[in-house]
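This report picks out a few local features of one protein model. Keep the sequence and the structure side by side while reading.

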Amino acid sequence: MPKFSLRAASAVLLTLTALNIPAAYADEVTPVAVTVNARAALATVPDTGIATNQAIWDTNLGTDATADLLKDAGVKLLRYPGGSYSDIYHWADHTAPGGYVAPNTDFDTFMRGVRRTGAQPMVTANYGTGTAEEAAAWVRSANVTKGYGVKYWEIGNENYGNGHYGSAWEADDHADKSPAEYARHVVSYADAMKAADPTIKIGAVLTTAANWPDAIVADGDNGTWNKVVLSIAGPKIDFVILHWYPGALDKAAHVPDMIQLTRQQIAKYAGSGSDRIGIAMTEFNTGSSSAGTNTQPGALAAADAYATLLANGVFTVNWWNVHNGIGNVTQVEGHTDYGDFGLLSSATCTSDGSVCEPTLNTPFAPYYALQMTSRFARPGDQFIRAATDQAKVTAHATRRPNGDLSVLLINKSSDTSYPVTISYSGFSPASGAPAVLTHTNGATSITSSTAGSATSQTLAPLSLTTIVLHPSTPQTGRPGTPGQPTATNVTDKTATISWPTAASGARPIVKYELHRQNGAISEQLGETAGTSLTVNNLTPGTRYTLNVLARDSGGGLSWASPPLTFTTGTPASSACAVRLTIQTDWASGYVGTIDITNNGAPINGWTLNFGWPRTWQSLGSGWSAVWTQNGSDVKAVNEAGNGSLPTGGSTSIGFVGNYNGPNVLPAVFTLNGTVCTTQ
């Protein structure tokens with residue numbers, strides 16, 4: 001470097017030092033644009049949303065100290081008796097052959113803790129080593145004899161882990177370990193348990209999208225675990241059970257597809273009236289001890305996942321676990337991570353005694369994530385769309401019954417304080433500084449303050465921030481919220497949307513507006529004075545989420561209706577037809593066959609195009625065509641021997657598709673530029 005440049009660089013460094021500005025941060029950080037859209041509504045926050053697991057091997061289950069901490073965290077549901085122990089636990093004599101049962105962890109002790117917490121209970125009946133009669137007796141004792149009012153009852157825990165797919169960690173004494181056998185027993189359990197108390201809700205175990213053994217068909221089965229279980233037990237159950245340990249801290253983007261695919265399976269296989277069936281995430285943890293299980297990165301991932309799951313209609317998310325114990329000890333973001341999957345310290349030590357956890361019941365960082373989420377999204381609030389233009393910053397928002405808005409901002413950057421500018425659609429915030437809740441890296445509490453403005457905040461590195469906003473004008477007199485919309489006559493380009501009439505407010509309703517959610521931006525598709533509208537010019541093979549809003553004669557606008565999600569098809573008739581068949585799937589990839597039929601004039605040379613719906617999908621290999629991928633676009637060009645397709649002629653090609661997230665299959669195929677009918 002020339003001497004002149006060296007002297008210039010030194011002068012700049014001295015100037016930065018004199019101003020006490022670190023050289024690495026000399027450039028001004030670009031503000032993050034946050035968009036909050038009150039017209040784009042998602043699910044309503046349930047009264048069971050924030051939840052956690054209790055385990056009969058935990059000596060602190062049901063203690064007053066534990067219950068009080070859980071209450072302060074906003075926990076509204078507690079699950080018992082704890083994971084895989086559920087399938088060896090016998091409630092009547094409080095034993096778990098082959099496992100450890102801690103003193104003072106019986107069902108009555110658990111229920112005392114539930115009541116002190118102010119939560120609801122969820123009980124997992126023993127499928128692996130129990131019987132329907134044993135489970136029914138538990139229901140009778142709990143609800144009829146003792147009046148505990150336990151509403152939610154699961155049938156078993158992770159019963160696909162019984163060896164049927166090659167791995168065995170879940171106890172299962174049944175000679176037949178197939179999903180069909182499990183489903184038949186779910187039916188008998190449901191009949192016996194509801195005979196004891198018809199008001200209870202029964203849940204069946206499903207696999208989680210893109211998590212083993214999802215999508216795998218074992219020898220002798222006529223479908224995947226989910227297909228078989230839902231086909232047999234669907235008419236008898238009230239909710240399905242998912243477990244999710246993503247193993248990474250950036251997987252919240254998988255949630256919408258994960259839940260949508262589950263809903264599609266329920267609708268396809270569970271029979272008529274399946275829209276009554278809810279979805280419960282009864283075990284969740286980041287599952288990433290190396291990246292920060294109980295330090296701040298894990299807390300940020302937990303808050304992001306909880307908010308995303310609840311916004312997508314999951315009625316409970318249960319953290320694993322209240323207490324768990326020390327694991328792999330690492331240093332993460334300046335703090336000791338004990339590799340403990342619990343919310344609270346167990347005060348345990350490594351086997352050599354070199355490292356010990358803090359005092360019993362010391363909250364770990366994810367505890368504050370649950371606490372922040374419970375303060376951000378309260379039961380009865382409605383999630384609304386929020387988005388940012390910075391990958392390191394995530395936003396969520398809810399609208400409260402009194403008209404207030406709350407916005408949760410998550411800064412995942414380790415070293416950058418991000419200023420954010422917030423814009424609002426369908427909401428005008430009051431002037432003045434809002435109430436702000438903050439949790440930062442290493443903090444031992446959530447702090448409250450009045451800071452910034454409704455449109456401007458600064459987020460500390462590795463922080464959770466909630467701002468609560470009042471509307472600029474009173475929210476009285478507005479029209480009532482339209483009811484749940486439904487879609488009928490869905491084609492490739494049109495759909496008819498209908499909804500129940502909304503109640504009038506201070507002025508009569510003059511029209512309803514139909515808005516499409518496009519990220520955090522709403523696109524109005526049409527309006528009508530009636531309660532049904534056919535929308536046109538839709539895109540084939542596209543998932544749409546819509547809301548209906550009522551507008552009165554004075555321009556007042558209602559809250560957005562519950563969301564409606566549907567997917568358009570492909571043309572009913574076309575010059576070409578395509579059938580995609582999955583030959584085999586191993587939960588991270590699959591072999592697909594594409595059958596192409598020419599319904600038009602003879603073709604001499606063809607090109608088939610489709611696009612991967614998600615960034616986590618890719619082409620592994622292909623045959624019977626020349627395959628290429630460019631970005632998300634996939635192209636298959638005929639080989640020399642199969643380029644000629646007479647009218648009515650067909651050919652088959654194949655490929656390997658890879659995925660590391662929910663596998664949303666391609667829906668739209670074009671042949672020489674023509675959109676084909678997907679069969």
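The text below covers a helix pair, two sheets, a buried loop residue and some unusual backbone angles.

The model is predicted: local features need pLDDT of at least 70, side-chain atom pairs count only at pLDDT 80 or more, and totals for chains, interfaces and linings use all residues. Residues are numbered from 1 along each chain as its sequence is written, and side-chain values use heavy atoms, with hydrogens and water left out.

**Helix pair**

Helix α4 spans residues 132-145, and helix α5 spans residues 179-196. Helices here are DSSP runs of H or I with at least four residues, strands are runs of E with at least two, and both are numbered from the N terminus. The axes of α4 and α5 come within 8 Å and cross at roughly 25°. Axes are lines fitted to C-alpha atoms, for helices over the stretch in contact, and angles run from 0 to 180 degrees between N-to-C directions. The crossing angle makes α4 roughly parallel to α5 (angles under 35 degrees count as roughly parallel, over 145 as roughly antiparallel, 65 to 115 as roughly perpendicular and the rest as oblique). The crossing of α4 and α5 is right-handed, that is, the near helix is turned clockwise from the far one by less than a right angle.

On the α4 side, A132, A135, A136, V139, R140 and V144 take part. They meet S188, Y189, A192, M193 and A196 of α5. The residues of this contact divide into 9 nonpolar, 1 polar and 1 charged. Contact means heavy atoms within 4.5 Å.

**Two open sheets**

One open sheet has 5 strands in the order β32-β33-β30-β36-β37, with antiparallel pairing. Its edge strands are β32 (626-630) and β37 (674-675), each pairing on one side only. Two strands pair if DSSP finds at least two bridges between them. β32 pairs with β33 (residues 633-637) over 5 bridges in the antiparallel sense. Q629 stands opposite V634 in β33.

Another open sheet has 3 strands, ordered β20-β21-β24, and its pairing is antiparallel. β20 (486-488) and β24 (532-535) are the edge strands. Neighbouring strands of this sheet are turned by 25° against each other on average, direction ignored. β20 and β21 (residues 495-498) pair over 3 bridges, in the antiparallel sense. T488 has T496 in β21 as its bridge partner.

**A buried loop residue**

T570 sits in the loop between β26 (564-567) and β27 (576-585). Is T570 buried or exposed? T570 is buried, with a relative accessible area of 16% (buried means under 20%, exposed over 50%, partly exposed in between, with a 1.4 Å probe and protein chains only). Leaving aside neighbours within four places in sequence, T570 is in contact with D492, A667, V668, C676, T677 and T678. T570 and T678 are 108 residues apart in sequence, yet their C-alpha atoms are 6.0 Å apart in space.

**Backbone exceptions**

Most residues other than glycine have a negative phi, and most peptide bonds are trans. Two non-glycine residues with positive phi are tabulated here.

| Residue | Phi | Loop | Relative accessibility |
|---|---|---|---|
| N104 | about 60° | between β3 (77-80) and α3 (107-117) | 60%, exposed |
| A587 | about 75° | between β27 and β28 (589-598) | 8%, buried |

Cis peptide bonds also occur. One joins W212 and P213, with omega about 0°. P213 lies in the loop between β6 (201-205) and α6 (225-233). The bond from W320 to N321 is cis too, with omega near 20°. N321 is found in the loop between β9 (316-319) and β10 (330-332).

Note on methods:
Nonpolar A, V, L, I, M, F, W, Y, C, P; charged D, E, K, R; others polar.
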